[in-house]
Amino acid sequence: MKLLKYFPLAAESIAARKMRSILTMLGIIIGVASVLTTLGIGRGASTDIMQQLTSEGVTLLKVESGTMSDQTWTVGQPLTMADVAALSDRSLHPDVDRAVPFFKQWDYLVAGSNSRYGEVMGTTSAYAVIHNLELARGRFLTDNEVAQRTKSVVIGADVAQRLFAGIDAVGQSLRINREPYTVVGVLRKRGYGWFGSTDGAAIIPLAVAQDRLRAPFTAHRHRGEYTVSEIHVSAVGVARMDAAAQQVEQTLRLRRALAAGEPNDFTINNNAWLLETAGSVATTLTAFLGGIGAVSLLVGGIGIMNIMLVSVTERTREIGLRKAVGAQNRDILIQFLVEALVLTLVGGLIGIAVSYGLAEIAKSFSSPDFPLIVLIEPASLAAAVSVSAACGLLFGLYPAVRATRLDPIEALRHE
């Protein structure tokens, strides 16, 4: 409680020198606002990167037949619908959310006099769920269309632009392998991702693709089961991806009767490393931007020290008078430290308000193509207040100690 009596004295001293106090706090205001804003930009960029990776299906495993060894691709046993059914058994694969078959072939897509050579994908309705596909118009394939083998097709944004420029593609007819399909949906443009791009693709029901898109010299059945090009396995979470990959590997090895020392004849692509890499890059970016902002805060702290040193010189007579009437060195020390602390805390609080204002301004300039997100977290606020207070104590300490060393008699003689 005794410490509280110094705050009115500090407030009185600060109020007596308004312009100097404002200019002193300005350094801290800019420093705190810079630190919070730059850290917020780093956090916002990190969040945006993680969201983009998640939207690309970061929890997915891509299972393919064959392996790469010594830069040589070795063909393995084909993946089949029986493999998909086995991997879909949650009792045996608790870390697998779902296994989605994927059959692909390249063919000409024709609409009227327009044509485009593109990838034709055969899959189920779950494909849109695990890949977080967004539709610009229409809808995705339904379970009924997949079961009934309806000749419906969902096309990518580039296909719609090339074949149906200027008109709504939904409801139009599209020929694939000389057979007509009805367009039921157009995907939103997405770009190239870990699993390729759907912008130039056409997606049709799985069984239709397996029946109608037979590649020359390639068996579309294996041991009586329809083959698939890939199996996309969705893990229950990012943290369980390695466990899910192990469960998938064990099941496929058993189904292929591979001996203990025999290598896999299939490949499981796990892109969890993307999260680790992105997290590392985001951490480095945040630290770099925070360091830039910290320089501003350091400059503000040095400014406080300079002003407090000037204040000690100007108030030499006042300090001598206080000592003459019984003030102890610790009283002088605490008084100057409290003044520096009040300046930095007030400046820090104003700097926080400024950073929130800058975050709102940045949000108004943000766009999907150029996301500008300033994410100010509670931990950053606590750190900003703590650091600004520490700056006040650190940079106010030397002027305060210098004030305590003044000889009262010499101080009283000071003009």
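Reader: What span does helix H8 (residues 241-255) have, and what makes that span close to the expected one?

Author: H8 has 15 residues and reaches 21 Å from its first C-alpha to its last. The expected span is 1.5 Å times one less than the number of residues, and for H8 that gives 21 Å, so the two values are close. Helices (H or I, at least four residues) and strands (E, at least two) are DSSP runs, numbered from the N terminus. This is a predicted model, where local features need pLDDT of at least 70 and side-chain atom pairs pLDDT 80 or more, while totals for chains, interfaces and linings use all residues. Residues are numbered from 1 along each chain as its sequence is written, and side-chain values use heavy atoms, without hydrogens and water.

Reader: Why is the pair of Phe 102 and Tyr 127 called stacked?

Author: Rings of Phe, Tyr and Trp (its six-membered ring) pair if their centres lie within 6.5 Å; planes under 30 degrees apart count as stacked, over 60 as edge-to-face and the rest as tilted. The centres of Phe 102 and Tyr 127 are 5.5 Å apart and their planes are at 15°, so this pair is stacked. Phe 102 belongs to strand S5 (residues 96-111) and Tyr 127 to helix H4 (residues 126-130), so the pair links parts of the chain 25 residues apart.

Reader: How do you know that Phe 102 is buried?

Author: Buried means under 20% relative accessible area, exposed over 50%, and partly exposed in between (1.4 Å probe, protein chains only). Phe 102 has 4%, so it counts as buried. Its partner Tyr 127, at 3%, is buried too.

Reader: And what makes Trp 106 and Tyr 117 a stacked pair?

Author: Their ring centres are 5.9 Å apart, with 25° between the planes, so both values meet the limits for a stacked pair. Trp 106 lies in strand S5 and Tyr 117 in strand S6 (residues 114-123), so the pair ties together parts 11 residues apart in sequence.

Reader: Why is Trp 106 called partly exposed?

Author: Trp 106 has a relative accessible area of 47%, which falls between the two limits, so partly exposed is the right label. Tyr 117, with 46%, gets that label as well. Together with Tyr 108, Trp 106 and Tyr 117 form one aromatic cluster.

Reader: How do you know that the charged end of Lys 151 sits over the ring of Tyr 181?

Author: A charge sits over a ring if NZ of Lys or CZ of Arg is within 6 Å of the ring centre and within 35 degrees of the ring normal. Lys 151 has its charged end 5.9 Å from the ring centre of Tyr 181, and it is counted as sitting over that ring.
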